[in-house]
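Work through the exercises below with the sequence and the model open side by side. Each task is followed by a solution in steps.

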Amino acid sequence: MLAAERRGLLLTRLHQDGKLVARDLAIELGISEHSLRRDLRELAAAGLCQRVYGGALPVSPARGEFETRLRVATESKRRIAARAAQLITPGTTVILGGGTTVHAVAQALPENLKVLVVTPSPATAAELVKHPAVDLFMLGGRILKQPASVCGAAAADAASKISADLYLLGVAGVHVDEGFTTNDPDEAAMERFLVGRAADTYVLASSDKLGTVAAFSVIELSGVAGVITDADDSHPTVRGLRKRKVPVFHAA
């Protein structure tokens with residue numbers, strides 16, 4: 001089998017099985033683990049998989065510039081945002097994290113809803129400047145351009161003074177073994193810090209992010225109060241989350 005054919009087979013198996021185990025596949029294909037891992041490195045370099053210890057997992061689709069991602073899966077994000085907005089009650093303090101799915105929540109808030117919103121996202125802050133009833137607190141610091149979100153010591157210091165009732169967290173990947181992941185280490189660190197400033201954290205993730213992994217871990221499954229997604233119970237990741245006792249809220 002030619003190397004290109006082998007890599008095509010690996011991608012097919014990754015799509016079918018949701019993971020690649022290097023040792024098992026090397027035996028099955030009659031090649032060395034070294035050759036198999038080289039194939040995985042090349043697939044990962046091309047952005048076609050996410051390498052993990054012992055093999056590879058599907059890569060998160062949440063890549064590209066913020067403005068580009070605003071135009072991806074817009075209907076899914078709208079439904080998820082509408083469901084997430086139902087968790088926000090008057091008089092509470094809410095952290096709206098970075099990312100395009102959480103940005104959609106700002107657009108879904110009722111005009112008469114009086115809450116304090118804290119956000120590290122300039123785009124979300126700009127959206128809420130137009131809201132007639134929301135009090136807005138924008139975290140300051142270094143802006144990561146791809147997620148269009150603030151991170152760093154200044155942002156963490158400002159957030160340390162806040163005690164929120166709710167944190168709506170957008171992530172790049174949701175996986176039953178790897179937990180919740182994102183593409184940037186500084187973004188992941190800031191998100192972990194914000195989890196610690198809220199009584200409850202809910203992850204917002206469209207179905208295309210379920211079963212995928214990004215490079216940096218944000219938090220384990222047990223660290224959140226639930227996941228809001230447009231995927232239904234037929235999705236293997238939804239079934240896996242429920243098996244791990246993670247509440248899943250379907251956005252119809």
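**Exercise 1: the largest pocket**

The lining of the largest pocket comprises seven nonpolar, nine polar and four charged residues. This is a predicted model.

Task. State how many residues line the largest pocket, which of them lie nearest its centre, and which helix gives the most to the lining.

Solution.
1. The lining of the largest pocket consists of 20 residues.
2. Nearest the centre of this pocket lie Asp 17, Gly 18, Lys 19, His 175 and Gly 211.
3. Two helices, H1 (3-17) and H10 (236-243), each supply at least two residues of the lining.
4. The most comes from H1, which gives five residues.
5. The volume of the largest pocket is about 460 Å³.

**Exercise 2: the cavity**

Task. Find how many cavities of 30 Å³ or more the structure holds, and which elements supply at least two residues each to the lining of the largest cavity.

Solution.
1. There is one cavity of 30 Å³ or more.
2. The space in the largest cavity is about 80 Å³.
3. Strand S8 (149-151), strand S9 (164-170) and helix H9 each supply at least two lining residues.
4. H9 gives the most to this lining, with four residues.
5. Among the residues that line the cavity are Glu 187, Met 190, Glu 191 and Leu 194, as well as Ser 149, Val 150, Tyr 167 and Leu 169.
6. By class, the lining of the largest cavity has six nonpolar, four polar and two charged residues.

**Exercise 3: the sheet beside H9**

Task. Give the strand order of the open sheet that contains S10, S11 and S13, and place helix H9 relative to S11 and S13.

Solution.
1. The order of this three-stranded open sheet is S10-S11-S13, and the pairing is antiparallel.
2. S10 (173-175) and S13 (216-219) are the edge strands, each pairing on one side only.
3. On average, neighbouring strands of the sheet are turned by 35° against each other, direction ignored.
4. S10 and S11 (residues 179-182) are joined by three bridges; in one of the pairs, Val 174 has Phe 180 of S11 as its bridge partner.
5. H9 (residues 185-195) lies across S11 and S13 and runs at about 10° to S13.

**Exercise 4: the sheet beside H3**

Task. Why is one side of S1 and one side of S2 left without a neighbour in their sheet? Then find the bridge partner of Val 21 in S3.

Solution.
1. The sheet is open, with three strands in the order S1-S3-S2 and antiparallel pairing.
2. S1 (20-21) and S2 (50-52) stand at the edges with a single partner strand each, so one side of each has no neighbour in the sheet.
3. S1 is joined to S3 (residues 55-57) by two bridges.
4. The bridge partner of Val 21 in S3 is Gly 55.
5. Helix H3 (residues 33-45) lies across S1, S2 and S3, and runs at about 140° to S2.

**Exercise 5: a crossover**

Task. Decide whether S5 and S6 pair in the parallel or the antiparallel sense, and whether the crossover between them is right-handed or left-handed.

Solution.
1. S5 (residues 116-119) and S6 (residues 135-138) pair over four bridges in the parallel sense.
2. Val 118 has Phe 137 in S6 opposite it.
3. From S5 the chain passes through helix H7 (residues 122-128) to S6, a β-α-β crossover that is right-handed.

Definitions and conventions: Residues numbered from 1 in each chain as written. Predicted model: local features only at pLDDT ≥ 70, side-chain atom pairs only at ≥ 80, totals over all residues. Heavy atoms only, no water. Pairing = 2+ DSSP bridges. Right-handed = clockwise from strand over helix to strand, strands pointing away. Axes fitted to C-alpha atoms, helices over the stretch in contact; angles between N-to-C directions. Contact = heavy atoms within 4.5 Å. 1 Å grid on protein atoms, 1.4 Å probe; cavity = no way out; pocket = protein on both sides within 12 Å on 5 of 7 lines; lining within 4 Å. Points joined across faces, edges and corners; volume = space filled by probe spheres on them. Nonpolar A, V, L, I, M, F, W, Y, C, P; charged D, E, K, R; others polar.
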